[in-house]
Amino acid sequence: MPFSSIYPFVASLGVLIAAIGVSAIDSNPAPGIHLKLGLTLIGGVVMFIGIYLWALEGCEGYHLHPEGDDHAPNTAAKKH
């Protein structure tokens, strides 16, 4: 089973922020950083940070072993 982590959620929030910036906000033709570009860059940074920290977290998951579980369906047939 995978280790429970908050970083996939952080990365998905970054993707959501960037997608809103790209698709839902109208662009402004005047020079400079505007809301559309700003939101897209902020979303990309949040996504990158979430993925980077998720990669550094390591794999601390655990394995399920049905042989030792009394409630597994195959163990009931073996006991008879």
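In the predicted model, residues 24 or more positions apart account for 60% of the contacts in the protein with a separation of 6 or more. These contacts belong to a protein that holds three helices and zero strands, arranged along the sequence in the pattern α-α-α. Of the 80 residues, 12% count as buried, and the accessible surface comes to about 6,400 Å², of which carbon and sulfur atoms contribute 69%.

The confidence of the prediction varies along the chain. The mean pLDDT of the protein is 80, with 78% of its residues reaching 70 or more. Among the elements, helix 1, which spans residues 7–23, has the highest mean pLDDT, at 93, whereas helix 3, which spans residues 73–79, has the lowest, at 53. Where pLDDT is low, the predicted coordinates should not be read in detail.

Several pairs of residues illustrate how positions distant in sequence are placed relative to one another in the model. V46, a residue of helix 2, is separated from I17 by 29 residues in sequence and by 8.6 Å in space, as taken from C-alpha to C-alpha. When residues up to four places away in sequence are left out of account, V46 touches V10 and G14. V46 is nevertheless partly exposed, because its relative accessible area of 25% falls between the limits of 20% for buried and 50% for exposed residues. A further pair is formed by L53, also in helix 2, and P8: these residues lie 45 positions apart along the chain, and their C-alpha atoms are separated by 9.4 Å. The relative accessible area of L53 is 33%, so this residue is likewise classed as partly exposed.

L53 also takes part in a nonpolar patch on the surface, which is formed by V45, F48, I49, Y52, L53 and L56 and which has about 600 Å² of accessible area together. The patch members differ in their individual accessibility. L56, which has its place in helix 2 (residues 35–56), is exposed, with a relative accessible area of 56%, and F48 is exposed as well, with a value of 57%. Y52, by contrast, counts as partly exposed, because its relative accessibility of 47% does not exceed the 50% that an exposed residue must pass.

Within this patch, F48 and Y52 deserve separate description. The structure holds one aromatic pair, in which the ring centres of F48 and Y52 are 6.1 Å apart and the ring planes stand at 20°, so the pair is stacked. The assignment follows because planes under 30 degrees apart count as stacked, provided that the ring centres lie within 6.5 Å. Both residues lie in helix 2, where F48 and Y52 are four residues apart, a spacing of about one turn of the helix.

Key:
Residues are numbered from 1 along each chain as its sequence is written. This is a predicted model: local features need pLDDT of at least 70, side-chain atom pairs count only at pLDDT 80 or more; totals for chains, interfaces and linings use all residues. Side-chain values use heavy atoms; hydrogens and water are left out. Helices (H or I, at least four residues) and strands (E, at least two) are DSSP runs, numbered from the N terminus. Buried means under 20% relative accessible area, exposed over 50%, partly exposed in between (1.4 Å probe, protein chains only). Contact means heavy atoms within 4.5 Å. Accessible areas come from the Shrake-Rupley method with a 1.4 Å probe; for residues, only the protein chains shown count as cover. pLDDT is the predictor's confidence in each residue, from 0 to 100. Patches are made of residues with over 30% relative accessible area and no salt bridge: like charges are joined within 9 Å, nonpolar side chains (Val, Leu, Ile, Met, Phe, Trp, Tyr) within 5 Å. A salt bridge is a side-chain nitrogen of Lys or Arg within 4 Å of a carboxyl oxygen of Asp or Glu. Rings of Phe, Tyr and Trp (its six-membered ring) pair if their centres lie within 6.5 Å; planes under 30 degrees apart count as stacked, over 60 as edge-to-face and the rest as tilted.
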